[in-house]
Amino acid sequence: MKTWKKVLLGIAGSLLVVVLFLFFISYIMLRKSLPDYDGEAIGKGLISEVTVYRDSFAIPMILAQSDEDAAFALGYVHAQERLFQMDVARRAGEGRLSEVFGSSTIPFDRMFRTIGIYKVVESSFSKLNPASQKILSAYTKGVNRFIENNKGKYPIEFDVLGYDPYPWKPEHSLVIAKLMGWELNISWWSDITFSNLIQKVGVEKAKELLPDFPQNAPTIIPKEYSNLASIKTDLIDIDRKFREFTGFVGTHIGSNNWAINGTISESQKPIIANDPHLAFSVPGKWFFAMIRSNDWNAEGFTVPGLPAIIIGKNQNIAWAMTNVMADDSDFYIEKINSTGNKYSVNNQLRDIISYQDSFAVKDSANFRFTIRRTHRGPIISDIHPYNYLYPNSGKLKENISMRWTGLEFSDEMFAAISINKAKNWADFKGALKYFTLPGQNFVYADDKGNIGYVCAALLPLRPSNSPTLVYDGSTEAYDWKGFVPYEEMPKLLNPAQNFIATANNKTINNFKYHISNVWEPSSRIERIVELLTSKKIHSKEDFRNYQLDFVSPYAREIVPYILNAFKEVKVNDRNLKIALELFENWNFEMSASSQVPTIYLNYFHRLIKNIFEDELGRDLLKEYVFLANIPYRIIPKYLKENSSSFFDNVQTQQVETRDDVIRQSLVDALNELEGKIGKDMAMWQWGKIHKVKFRHMFSDVSGLLDKLINVGPYDIGGDGTTVFNTEYSFTEIYEEKRDLTKPHRSEPFQNILGPSMRYIYDFGNPDYMEIILPTGQAGHFLSSHYKNMTEKWLKGEYIRIPVSEENFIRNSKHMLKMIPGNSP
């Protein structure tokens, strides 16, 4: 062999050795941050020894002798698996993201500091029930013990961003609880967006755009609305950016839950089920845990950062939750004088509360700004670094304040602890008096055979029973007059129909107080009721099938209008003929392997575009469809009534009818599919364009990194109207140019939200609970528990969790002893 070849081979061999060595060292360094599931840990602050058993899916059972020690251990376990997730969440609520992420997060920190979440919880802790304070303090000690014990071995995200976590406080748990309320607060989007629509298209046109508007609120639009300065969407623009940054995307943030009693149950005992629909991410929202102490014995789904079982069961009861969709915020246009330090109410001037605030920004100077407040709350129109949706119209900007129930004192911690320990319906109902945010539909079942329902939310007492718009703040007429007494909130026990089901649908007819105007479309609840009345007896196996159901009653309502529009039309195009034949024979199942959902859903979005875009324009259309339940509810109404002026395209000379728009929309959809996929319909399977991917917060930084930290993509069926909810972004479909370099942007039809967990419990088989998560328990991407549930979640399989100590310990794989140390 020639000398130069030997040299090259030698160099190549040396480089390979160096690369392998560096890879090995990097791998070892990354694995050092994986939690220890075995051995002993010194727990300063513990009263007695605690044992944590884990099964093959890293589900922990905590055995403690007191509630405080159980909370301590839960804090330690949460920090082991999800410390970075917890840290980002508390930083968001505190307004401290920019310390580690730099200038890109300044708008988010300014938003949350202006809203004032952390100031509220800071002043709340001393007012909490002593039981709440005790559990929060013990949990805090557990989190901090992990932080102290593992310096230099934190999750890799801390190393990448170059910082260490600061000590946990009880207030940080309260911040995370408030953030859950913020994430599930959808109603306030409608207030600003609807007001903006009125200013853009006028009162009469706006009436056609707002669901149920003429029936529910025919007189709430003030005559002076058109004379007000432009109502800007700055706050919702920034909040949308924040949700993209953190992965809290999607607007079907609802859920399904239902319970049946023994009369229609195969086991002759109640069966309960729940699958909350939240934005997909990895790690996910939930962490499953089991707690055993002298007084606290419960198992279920926890939120890292919160010391309680949020959804689950104990020895006597089980409970499930869905979003009430409560209207828990209002906005007011404040009349501020020329000096800027006073505002007028009832023709009298009041002082604006104004103070300076600042926060640190990585690699930059501190950011300083002014926060202003009225008696209602913060002036949120001061937050305006983005204005890309609606360019400056030249008018003066209004000063808009916000009142939100999340800024009221509340003690959800005491509610959660009390639910965890409840023994019967009276205990459960009493505990929910303290649960105010986020408003939830609680479905209940117990070992005595009862099933029940409670609407738990803090509902403002308003002068109007159907508020939808931004109010005139120059008068007290629109101020809240208090809150609906808990005793008057909707409740239900043992109904004659033998089941209770909720899917973010309207809570109750003829309720004398306003709850919401942004209910989800009725498709999911219709299908659930359809399934629960389809047979006399149901089993937990039936419940599994129901949670995986892809049939859309919504599509069943829409498709006949398509067929009717083509009834008297001669069709020559081959693919158009096939599409109509497929619709004729469709069972309305949104299967991933079927071509019909692809055709139908492309048609549906072309229909929305062809109805609205000529008058709203592209930007306002995107804003209108962002809250997907609005167009979902409007379209069937338009098709049924066949009288909307929006059917006519104002840019053409002829007057288009409903059927003209339907026919054109189907032709447009087919042309688009042929252009993107090809003319062979056999290649148009829904799962090829409708995929689910679970994204890490660092997603989209590097293609190679994405393969390590993201989970997926996978083909998936369904849409936002199926029981198995697989929402995609409506707004992305109408984007001309998508900037996929920005965090958590998605391709058209990409599934971004859905069942964040599933659980089923049959009181007739009390020894096991069936659960599944979309990814896994761990937040560490090198952990074997990072995504070890995904395949089961996709296939509709469940993990059977033994709930007795003896059975769980017998099947456990790991044991960690936590030994009391010196008091801190």
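Leaving aside its neighbours within four places in sequence, which residues is Ile635 in contact with? In this predicted model, the partners are Tyr554, Ile558, Phe604, Leu607, Ile608, Ile611 and Phe612. Here's a quick tour of the nonpolar cores first, and then of an open sheet with a helix packed on it.

**The nonpolar cores**
- The largest nonpolar core holds 214 residues.
- Ile635 is among the residues with the most contacts inside that core, together with Phe428, Tyr600, Phe612, Leu666 and Tyr759.
- Helix H19, which spans residues 596-626, gives the most to this core: 15 residues.
- There's also a second, separate core of 17 residues, and Trp258, Ala503, Ile528 and Leu531 are included in it.

**The open sheet**
- Strands of a sheet pair through backbone hydrogen bonds, and they can do so parallel or antiparallel.
- Here, 11 strands line up as E1-E28-E2-E3-E6-E7-E8-E9-E16-E17-E19 to make an open sheet with mixed pairing.
- At the edges you'll find strand E1 (39-43) and strand E19 (491-493), each pairing on one side only.
- On average, neighbouring strands of this sheet are turned by 15 degrees against each other, direction ignored.

**Strands E17 and E19**
- Strand E17 (residues 451-456) and E19 run antiparallel and are joined by three bridges.
- Look for Gly452, which stands opposite Leu493 in E19.

**A helix on the sheet**
- Helix H2 (residues 67-94) packs on the sheet and touches several strands, including E1, strand E2 (50-54), strand E3 (60-63) and strand E28 (814-820).
- H2 also touches strand E6 (287-292) and strand E7 (297-302), and its direction makes about 160 degrees with that of E6.

How values were computed
Residues are numbered from 1 along each chain as its sequence is written. This is a predicted model: local features need pLDDT of at least 70, side-chain atom pairs count only at pLDDT 80 or more; totals for chains, interfaces and linings use all residues. Side-chain values use heavy atoms; hydrogens and water are left out. A nonpolar core is a set of buried Ala, Val, Leu, Ile, Met, Phe, Trp, Tyr and Cys residues joined through side-chain atoms within 4.5 Å. Buried means under 20% relative accessible area, exposed over 50%, partly exposed in between (1.4 Å probe, protein chains only). Helices (H or I, at least four residues) and strands (E, at least two) are DSSP runs, numbered from the N terminus. Contact means heavy atoms within 4.5 Å. Two strands pair if DSSP finds at least two bridges between them. Axes are lines fitted to C-alpha atoms, for helices over the stretch in contact, and angles run from 0 to 180 degrees between N-to-C directions.
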